[in-house]
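Reader: I would like a close look at a single part of this structure, with each term given its cut-offs, so that I can follow the account atom by atom.

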Amino acid sequence: TATLTSTRCSENTQILILTNTIKLEIKMSITVGFVSLGCAKNRVDCEMMMSKVHNGGFKLIEDAAMADVAVINTCGFIESAKQESIEEILELSKLKEEGKIKKIIVTGCLAERYKDDVTEEIPEVDVCVGLGSNSNIAEIVKNAIEGKKQNYYGAKEDLDLNGKRILGGYPFTTYLKVADGC
């Protein structure tokens, strides 16, 4: 928009100033890092979530410990996998306490199995996401950044078995998901 302002310099002189007012919206680049634990199915789910987060306007980085938002895709099938998931959550929780990470989101089998217990037992976790809500991960990240502490548990049937992915690992190999569940 243009604004016309008038300034009187003396009795006979008037200066007209035309200024353009430009609104600039500066969007801070929020970084998101993913940790995929467990089986190849989790990797495929993680790659699909990465695509959704990237398409949602967030910047992906490789090291979740350096991100604004860490998303941990957990496994909870066997005791050792469950322990590995909890250790990863606690390790990232320390970084959050130090101010290096802003938000922690937990998804995957552990999140699906233990639901609200995850956020109750580990208060540093901001959001717990069941498998059926993975498709909404970009919106969930946005809500978490805005300070909304809410858990999401969509129907398991809502989990995408195919879709766009950002492939991790070697460029000449990938996993194909033909079923869900352990």
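What follows is my request and one connected answer to it. Which elements do the buried residues of H1 pack against, and which residues line the spaces beside this helix?

Author: This is a predicted model, in which local features need pLDDT of at least 70 and side-chain atom pairs count only at pLDDT 80 or more, while totals for chains, interfaces and linings use all residues. Residues are numbered from 1 along each chain as its sequence is written, and side-chain values use heavy atoms, with hydrogens and water left out.

The setting comes before the helix. The protein chain has five helices and seven strands, where helices (H or I, at least four residues) and strands (E, at least two) are DSSP runs numbered from the N terminus. Along the sequence they follow the pattern β-β-β-α-β-β-α-β-α-α-β-α. Of the 182 residues in the protein chain, 40% are buried; buried means under 20% relative accessible area, exposed over 50%, and partly exposed in between, with a 1.4 Å probe and protein chains only. Among contacts (heavy atoms within 4.5 Å) between residues at least 6 apart in sequence, 63% join residues at least 24 apart.

Helix H1 covers residues 40–55, which is 16 residues, and spans 23 Å from its first C-alpha to its last, close to the 22 Å expected at 1.5 Å a residue; the expected span is 1.5 Å times one less than the number of residues. The buried residues of H1 are Asn42, Val44, Asp45, Cys46, Glu47, Met48, Met49, Met50, Ser51 and Val53. An α-helix has 3.6 residues a turn, so residues three or four places apart point the same way. The partners of the buried residues of H1 are four strands and two helices, namely S3 (31–36), S4 (59–61), S5 (69–74), S6 (103–108), H3 (109–114) and H5 (137–145). After H1 comes Gly57, with a positive phi near 100°.

One of these partners, H5, can be described in a similar way. Its buried residues are Ile137, Ala138, Ile140, Val141, Asn143 and Ala144, and their cover includes H1 together with S3, S5, S6 and S7. Just after H5, Gly147 has a positive phi of about 95°. Asn134 lies in the loop between strand S7 (127–129) and H5, and Asn134 counts as buried because its relative accessible area is 3%. Leaving out residues up to four places away in sequence, Asn134 touches Asp45, Met49 and Lys52, as well as Thr107, Val129 and Leu159.

Asp45, Met49, Lys52 and Asn134 appear again around an enclosed space. On a 1 Å grid over the protein atoms alone, a cavity is a set of points where a 1.4 Å probe fits but cannot get out, whereas a pocket is an open set with protein on both sides within 12 Å along at least five of seven lines, and lining residues have an atom within 4 Å of a point. Grid points are joined across faces, edges and corners, and a volume is the space filled by probe spheres set on the points. The structure holds two cavities of 30 Å³ or more, and the second largest has about 40 Å³ of space. Its lining consists of Asp45, Met48, Met49, Lys52, Asn134, Ser135, Leu159 and Asp160, which divide by class into three nonpolar, two polar and three charged residues. Here Ala, Val, Leu, Ile, Met, Phe, Trp, Tyr, Cys and Pro count as nonpolar, Asp, Glu, Lys and Arg as charged, and the others, Gly among them, as polar.

H1 also contributes to an open space, since S3, H1 and S4 each supply at least two residues to the lining of the largest pocket. That pocket holds about 320 Å³ of space and is lined by 14 residues, of which Phe34, Arg43, Met50, Glu62 and Gly168 lie nearest its centre. By class, the lining of the largest pocket has seven nonpolar, four polar and three charged residues.

Finally, a word on cysteines: the whole structure has zero disulfides, a disulfide being a pair of cysteine sulfur atoms within 2.5 Å. Cys75 is in no disulfide, and the nearest cysteine sulfur, that of Cys109, is 5.3 Å away. Cys75 counts as buried because its relative accessibility is 9%, and Cys128 is likewise buried, at 0% relative accessibility.
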